[in-house]
Amino acid sequence: MNVVVDLNRCQGYAQCAFLAPEVFMMHGEESLLYHPVVPDGQLEQVRRAAVACPVQAIVMGEEAGAGAR
Amino acid sequence: MHGEPRDGRIVIVGASLTGLRAAEKLREEGFSGSLTLVGEEPQPPYDRPPLSKQVLLGKVSADHTGLPQRRELDAQWKLGVRATGLDPIEKRVLLADGAEVPFDRLLIATGTRARPWPHPAEGALDGAFTLRTSDEARRLAEHLDAGPRRVLVIGAGFTGSEIASACRERGLAVTVAERGPAPLVGALGGTLGALAAKLQRTHGVDLRCGVTVTALEGDGRLTGA
């Protein structure tokens, strides 16, 4: 599973960093860093983070074109 | 897809973010015909912003920024092959491997490329990089891992400024050469540009504005500019 954050929408509310700290981490005061490939044990946490984001900046899904390599 | 045919053959040239999201939207709106995506890079669609952030900070591998898909696509992927031409009369895309891809409708979503250094021999020196692809990000990150004495960033736009920031965060000496009066002036204007300059210098960037780099020096390996 992969995740992407629309950094134009992100306002640094950090709900994601609170709910899935192994995937999302605040960098400095305002910017967000994340791991695009979601570790297997973190799927539920990332789902919650995506739902909780006040600006709905997080998209999670199967890796696009995975069968295409 | 109001009023548009829902079948036939759509070819999308460009298999990155735009191509992917366009393909998803077509399926979402009911397109049921044949969908083909052609991409120059061998990787499936991946996210570029992390390449100048978490990848250069060493937190994420350059090969691990694949984009999530919003839905199943039922598409044919032709990756690792460049589209070299278009025959608009016969409605065919021409590929570098000699193949031809017929279409009823075509979307060109090939994006941009990093502006190459104007002197190819200098740009090919080991240690000289542009940053656009995951492959370039991987090699640049490896070079930063090796602990260069100093990094020179030519251009203080968003990408250059982020690279400088990553270098400083890794404790590397970095000089930024910017033609304009301040970083990010083109994107953000003079007031925010001046603020960005102050921010960079506060964090130890050797920022030089109003400076144009005219040549890269080295013999096989970059040694200066």
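In this predicted model, B:Arg92 has a relative accessibility of 26% and therefore counts as partly exposed. Its side chain meets that of B:Glu100 in a salt bridge, with 3.3 Å from N to O. B:Glu100 is likewise in the partly exposed class, at a relative accessible area of 44%, which lies between the limits of 20% and 50% that bound this class.

A second salt bridge links the side chains of B:Arg208 and B:Asp206, here with an N to O distance of 2.9 Å. Both partners can be placed on the accessibility scale: B:Arg208 is partly exposed at 45%, and B:Asp206 is partly exposed at 24%. Elsewhere in chain B, salt bridges with shared partners connect B:Asp135, B:Arg138, B:Arg139 and B:Glu142 into one network. Over all chains, the structure contains 17 salt bridges.

One further pair deserves a closer look. B:Arg70 forms a salt bridge with B:Glu24, and the closest N and O atoms are 3.9 Å apart. B:Arg70 sits in the loop between strand S2 (34-39) and S3 of chain B, while B:Glu24 belongs to helix H1 of chain B, so this pair ties together parts that are 46 residues apart in sequence. The two ends of the bridge also differ in their surroundings: B:Arg70 is exposed, with 55% relative accessibility, whereas B:Glu24 is buried, with a relative accessible area of 2%. The value for B:Glu24 takes it into the buried class because that class holds residues under 20%.

It is helpful to set these pairs against the chain as a whole. Chain B has five helices and twelve strands, and its C-alpha trace spans about 55 × 40 × 30 Å along the principal axes. Of its 225 residues, 40% count as buried. The accessible surface of chain B amounts to about 12,200 Å², and carbon and sulfur atoms account for 51% of that area. Contacts within the chain frequently bridge long stretches of sequence: among those between residues at least 6 apart, 62% join residues at least 24 apart.

Part of the surface of chain B is given over to a nonpolar patch of about 390 Å², made by B:Phe158, B:Leu188, B:Leu192 and B:Leu195. Helix H5 of chain B, covering residues 185-202, provides the largest share of this patch, with three residues. B:Leu188 is located in that helix, H5 of chain B, and counts as partly exposed because its relative accessibility is 38%.

Attention can now turn to the partner chain. Between them, chain B and chain A bury about 1,700 Å², with 66% of this area on carbon and sulfur atoms. On the side of chain B, B:Pro44, B:Pro68 and B:Gln69 supply 29% of the area that the chain buries against chain A, more than any other three residues. Helix H1 (17-28) and strand S3 (76-79) of chain B are the elements that give two or more residues to the side touching chain A. In terms of contacts, 21 residues of chain B meet 19 residues of chain A. The rule finds zero salt bridges across this interface, but it does find six residue pairs in polar contact, with both residues at pLDDT 80 or more.

Note on methods: Residues are numbered from 1 along each chain as its sequence is written. Chains are lettered from A and ligands numbered from 1 in the order in which they are written. This is a predicted model: local features need pLDDT of at least 70, side-chain atom pairs count only at pLDDT 80 or more; totals for chains, interfaces and linings use all residues. Side-chain values use heavy atoms; hydrogens and water are left out. Patches are made of residues with over 30% relative accessible area and no salt bridge: like charges are joined within 9 Å, nonpolar side chains (Val, Leu, Ile, Met, Phe, Trp, Tyr) within 5 Å. Accessible areas come from the Shrake-Rupley method with a 1.4 Å probe; for residues, only the protein chains shown count as cover. A salt bridge is a side-chain nitrogen of Lys or Arg within 4 Å of a carboxyl oxygen of Asp or Glu. Helices (H or I, at least four residues) and strands (E, at least two) are DSSP runs, numbered from the N terminus. Buried means under 20% relative accessible area, exposed over 50%, partly exposed in between (1.4 Å probe, protein chains only). Contact means heavy atoms within 4.5 Å. Buried area is the accessible area (1.4 Å probe) that two parts lose on being put together, summed over both. A polar contact is a pair of N or O atoms within 3.5 Å; within protein, one must be able to donate a hydrogen and the other to accept it, and residues adjacent in sequence count only if both atoms are side-chain atoms.
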